[in-house]
Structures are given as structure tokens and as C-alpha cells.
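Student: I'd like to learn how to read features off a protein model. Could you walk me through a few?
Tutor: Sure, have a look at this one and ask away.

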Amino acid sequence: MLSFESDYIKGAHEKILERLCEMNQDPQPGYGSDACCERAKEKIRKACGCPDADIFFLTGGTQTNAIVIDGMLRPFEGVIAADSGHVSVHEAGAIEFTGHKVLTVPGADGKIQPKVLRGYLENFWNDGNHDHMVFPGMVYISHPTEYGTLYCRKELEDLADICQEYQIPLYMDGARLGYGLMSKESDLTLQDIARLCDVFYIGGTKVGALFGEAVVFTRHNTPKHFITRIKRQGGLLAKGWLLGVQFDVLFTDDLYYEISRQAIRTAEQMKQGFLERGYQLLIDSPTNQQFVILENTEMERLKEKIGFSFWEKIDDAHTAVRFAASWATTESEVRELLKILDEIHEEKEG
């Protein structure tokens, strides 16, 4: 059965698996104090153009968001996010579990608009009762967003300027960062992100690794005793070298970019195939996630042969679903998907 449910449904790139097998019997120091982690950090610093960056490896996105946000906020502060943001909707209250509120603002195609952010902060500080409220302590964005959309350089610069003005950090969730960077519509580079964000993470779990995210603090702003914070929240992997090996491989010979570009190619083929067959898109995503509106009866028939994700109900007869390409998606898989769509259409017409 074909599956386009998400971009983490397959294991890892073969080069990562080969390297893990090569090192499997080699004893390594614990908790990320090994040479592999150091090599990976140096490669990431070079790719970011940020030689003084502090880098930490964690295993998953929700864990990363919770630890970073909790570590950077004071007890009475919350984090601003779009109402559709991942920490707002799809992390089961992980941020609130740390004692911090997610302060939502209306998103536009999944993004926080600079004018909306400025308005929120102005309203907070102009409120005579703000001492009785949860303070906005940082801004959370994701790139790509939950809807597969992208921030342009100007938008990110404007958000960074506002955050600097109000002296709060800008944090980017980069779970799918490779796919955002390799989109043809992106004008952002990894160096731009490192320059404009106070902290961000480079996603590995969804971009070719078995698991793992690389957190990058760019401005000598790492929270004190951050390793201890990671340990306290259950995120410090004893076999930390497993994370270092994977990012060492991903950032060798531009592999991270190469496999991300492959996902964009197959996603574009998928999108074009849907459009040529008359399907309506929920949103025009330039990245690896494609959101398609299906008639419910067709959706049920399609489920029998293809895996995809429910996104949202449109009306009583239609549903928006997500098809995700990944680093491992092949052109032959896309052709098979389109063939199945044609067969279902022919059955319907017949």
C-alpha cells in the first residue's frame, strides 16, 4: 500500500544506516560528549555561518519545543504563536505542561504577520492591567508552517526587528526546515535564519534521520545549565552519539539539501497531477505537504489503496486531506498514486 501520510513514515537515509553500522561496535562516551557530536556541530556552525553557535541534539520535535521554550521563558511568561501553530494545536498541551501558556494570534496561511505581532505586543503593554496577565516572553514560528507555507526574508526580518524592539527571542521550529529551504519559492537561506532568529532547530526526524533535531542558539543566549534542563526533562540521550552520527552524515556533502530537494520535486509532481485532474487545493503549498479537497465517497475509496492524513472537514460532503512527500518519496510512487486516482475516477464515471 502506498503511504503519503507524513514525512517520517520511513526509516533513514542509507548513508546514515551505513555509518551507524560501521560504528556500532565502537565504544563511545555518553550524553553527546563524543567526537561525532562535535564534528556534526562544527559542520552545522559552518552551514549556518555562525561559528559561535551553541548546538544541542534532542530526539524529537515536541520534546525540543517544550525544553527550548521552557528554558527561555520566565515563570510568568508565555509564548506567542499563530492559532494554527504546532505548539498551539498538535502538541497535546506540552507547552502548557511546562507551566507556560501559548498566547495565540490569528495566523494568515499559517504565518504570523508582523503587523499582527506588533499589534498584540502594543495592546499588551498599553493594557493598564498587564501586571496581572501572562507576559509575552518569546515568539514561536515554524518554517515551513503547518500549512506548508513559507516566510519570506522580509517577513522574517520584520518579525526579528519587532522581537528585538520588545526584547523577546524569536524561535523557529524547523522540523521540516530542509523542505522549506529547498522550495523554489524560498528566498531564505540557513545563514539568514541563523542571523535573524535567536534560536531555531534543524529537523532530522522528518528529513532523512531515524530521529533527532539540532537546536541552534545563535547569540550566546543559551539558557544557563541547559544540559541539566534537558536531563531534568528526560531529553538527554545516554547514547547521544547516535544523534551526532546522523547529523554528521546529513551535513556532509550537502546531503541534507539534496534529499530535501528530492522531496520538493516529487511534491511538485504530485501537486501538478492533482491539478491536472481537476482537484481543488485547500492551500497552495510550495513545500512537501500538499492539501487536497476530496469528496467523502472518493476519500473512503482512496483509503483502501493509499495512506494519507485527515486535515479538516470542509462541509458535509468534502474533506481536506494531506499528502506528504519526503526525502524517500520516489517518482514511481507518485506515478502510482496518480494511476490509482485515474482508476477511481473511471470507476466513478462507469
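Student: Is F323 buried or exposed?
Tutor: This is a predicted model, so keep that in mind as we go. To judge burial, look at the relative accessibility and check whether it falls under 20%. F323 comes out at 0%, so it counts as buried. F274 also has 0% relative accessibility and counts as buried.

Student: How do I describe a pair of aromatic rings?
Tutor: You give the distance of the centres and the angle of the planes. A search of the whole structure turns up 19 aromatic pairs. Take F217 and F226: their ring centres are 5.1 Å apart and their planes meet at 80°, so this pair is edge-to-face. F217 is buried at 1% relative accessibility, and F226 is buried at 3%.

Student: What kind of pair do F274 and F323 form?
Tutor: A tilted one, with 5.0 Å from centre to centre and 55° between the planes. F274 sits in helix α12 (residues 255–276) and F323 in strand β13 (residues 318–324), so the pair ties together parts that are 49 residues apart in sequence.

Student: Which residues do ring pairs link into a cluster?
Tutor: The cluster is made of F4, F274, Y279, F308 and F323.

Student: What sits over the ring of Y151?
Tutor: That's the charged end of K111, 5.8 Å from the centre of the ring.

Student: What about disulfides? How many does a search of the whole structure find?
Tutor: A disulfide is a covalent bond between the sulfur atoms of two cysteines. The search here finds zero of them.

Student: Why is there no bond between C36 and C37?
Tutor: To count, the two sulfur atoms must be within 2.5 Å. The closest cysteine sulfur to that of C36 belongs to C37, and at 7.0 Å it is too far for a bond. C36 itself is buried, with 3% relative accessibility.

Student: And how far is the sulfur of C163 from the closest cysteine sulfur?
Tutor: It is 8.8 Å away, in C197, which is again too far for a bond. C163 counts as buried at 1% relative accessibility.

Student: Let's finish with N129. Where is it placed?
Tutor: N129 is in the loop between α6 (114–126) and β5 (135–142). Its relative accessible area is 48%, so N129 is partly exposed.

Student: How far apart are N129 and S260?
Tutor: You can answer that in two ways. In sequence, N129 and S260 are 131 residues apart; in space, they are 47 Å apart from C-alpha to C-alpha.

How values were computed:
Residues are numbered from 1 along each chain as its sequence is written. This is a predicted model: local features need pLDDT of at least 70, side-chain atom pairs count only at pLDDT 80 or more; totals for chains, interfaces and linings use all residues. Side-chain values use heavy atoms; hydrogens and water are left out. Buried means under 20% relative accessible area, exposed over 50%, partly exposed in between (1.4 Å probe, protein chains only). Rings of Phe, Tyr and Trp (its six-membered ring) pair if their centres lie within 6.5 Å; planes under 30 degrees apart count as stacked, over 60 as edge-to-face and the rest as tilted. Helices (H or I, at least four residues) and strands (E, at least two) are DSSP runs, numbered from the N terminus. A charge sits over a ring if NZ of Lys or CZ of Arg is within 6 Å of the ring centre and within 35 degrees of the ring normal.
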